[in-house]
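Please open the model in the viewer and show the backbone as a cartoon. The tour begins at a pair of facing residues and then turns to the enclosed spaces.

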Amino acid sequence: MEKKLKYFLLVIGILFSGVHLFAQQNAIALTPPMGWNSYNCYGSAVHEDEVKANAIYMAKNLKQFGWQYIVVDFLWDYDNPPGSTVGNPFQSRLPDGSYIPWLSMDQYGRLLPDVNKFPSACGGKGFKPLSDYIHSLGLKFGIHVMRGIPRQAVWAKSPILGTKDITADMIADTSSTCSWLNHMYGLDMQKPGAQQYLNSILKLYASWGVDFIKVDDISRPYRTAEIEGYRKAIQSCGRPIVLSLSPGETPIKEAAHVKKYANMWRVADDFWDNWAQLLKMFDYAKTWEGIGGPGHWPDCDMMQIGKLSKRGPVGPERYSRFTKDELYTHMSFWCLYRSPLMLGGNLPENRKLENNLITNEEVLAVDQNGQNPEQLYKNDSSMVWVSHIPESKDIYVGLFNIADNAHKVNIDFSQLGINGKVIVRDLWQRTDLGSFRHTYTRMINAHGCALLRLRIQ
């Protein structure tokens, strides 16, 4: 009887632990994550001191406004040649079948930070020292990873941690490759050992103190089994970790699946400081309208604000090519749509313009607190999006001029079911504009916007 009771209590404990961990995992990203990603300013070649400089800037100037994630993007395992801006260096094979460049990797086929880029990783410490430093600033740490398992691990027949006699070549799907970076094979998730490999890398990341992983080459084409594998690995690693999927366009037919397994996913391919791409993003967002919510967010990609492409990957080093009006449209729409906010520019080089864009508490509240964003109307020259404010009759409204000339953009209150008086507040100006009935009209510059709060009387 005593043995049965102990067994029963053990089973209950295991179940409780699993339920607790599942609840813990689903309690993250309850609002769209806000942070910085190294890709748009440093490409594949960011160094530890540059990551720290951005973290210090965020902790000093942005943390109080809700910015918290510092994410190291791709190829942290690769030693870029000095001055190189090559974003996607393909591996070649030597006569014995081995690969060059050889990426930093442990005996279990798990990639490690390159010590020339990240000196604190020496001695097998991985990202733990850098993560500890970022956590000491009150921030959270994230990394980019490529889907699958390194080809060099397959060639080396690296053993899979947590298995007996299973090696990398036994779990790789060598027909599943990435067209723009040839370092990895996909995983055949039906093979014994494939899930254990993902478990092993997530346990490694958890030991480093990782809070966020961006898994690349997984949303287009949509890799159902591997996405589920990463989620299972996160749930088994003992640490809450945000799961971000890239790149888009994620198929809308997978909306139910991606909501269940990911915390954020890209709706489009890489977004840059180009007005035509911003116009197209409005259409992508409309496609995903009504899908986002606590714990699962359609992602419009990193924000093209500030100093970009310092070391590649697209175009010369520059401040964002967006005009001032376009920058305000960019920030306003990402917030109104409730996209994750991941800054792409080098933060220490921010000017007053950039800081004004990213430290307006009333604007950031639209992203963090709005509900059910939807497009009210769109035509060739104008677009209006709205979202609702919890426990309030008030409504957030974005008036967008998408034409090439200044003109008036109008909101008819009856379209929102409003019959009475409305106080209109401009969130960028932090000013009440007055009381209005029936309609509000604003002259807006080409490619510009107005972001408003309608206070219903």
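Select T177 first: this residue stands opposite Y185 in β8. The model is a predicted one.

Next, extend the selection to strand β7, residues 172–177, which pairs with β8 in the antiparallel sense over three bridges. Follow the chain from β7 into β8, and a hairpin of six joining residues appears.

Now add strand β6, residues 149–150. Together with strand β8, residues 184–187, it forms an antiparallel pairing over two bridges. Which residue of β8 is the bridge partner of I149? The partner is Y185, the residue that T177 stands opposite.

Then hide the cartoon and display the internal cavities. Two cavities of 30 Å³ or more are counted. The largest has a volume of about 160 Å³. To centre the view on this cavity, select D77, L111, V145, M146 and M184, the closest to its centre among the 18 lining residues. Colour β5 (140–146) and α6 (194–208) as well, since these elements each give two or more residues to the lining. Colouring by class shows 13 nonpolar, three polar and two charged residues in this lining.

Move finally to the second largest cavity, with a volume of about 90 Å³. Its lining includes N37, V71, F212, K214, M264, R266, D299 and D301. The elements that contribute two or more residues here are β9 (212–216) and β11 (264–266). By class, this second lining holds five nonpolar, three polar and four charged residues.

Notes. Residues are numbered from 1 along each chain as its sequence is written. This is a predicted model: local features need pLDDT of at least 70, side-chain atom pairs count only at pLDDT 80 or more; totals for chains, interfaces and linings use all residues. Side-chain values use heavy atoms; hydrogens and water are left out. On a 1 Å grid over the protein atoms alone, a cavity is a set of points where a 1.4 Å probe fits but cannot get out, and a pocket is an open set with protein on both sides within 12 Å along at least five of seven lines; lining residues have an atom within 4 Å of a point. Grid points are joined across faces, edges and corners, and a volume is the space filled by probe spheres set on the points. Helices (H or I, at least four residues) and strands (E, at least two) are DSSP runs, numbered from the N terminus. Ala, Val, Leu, Ile, Met, Phe, Trp, Tyr, Cys and Pro count as nonpolar, Asp, Glu, Lys and Arg as charged, and the others, Gly among them, as polar. Two strands pair if DSSP finds at least two bridges between them.
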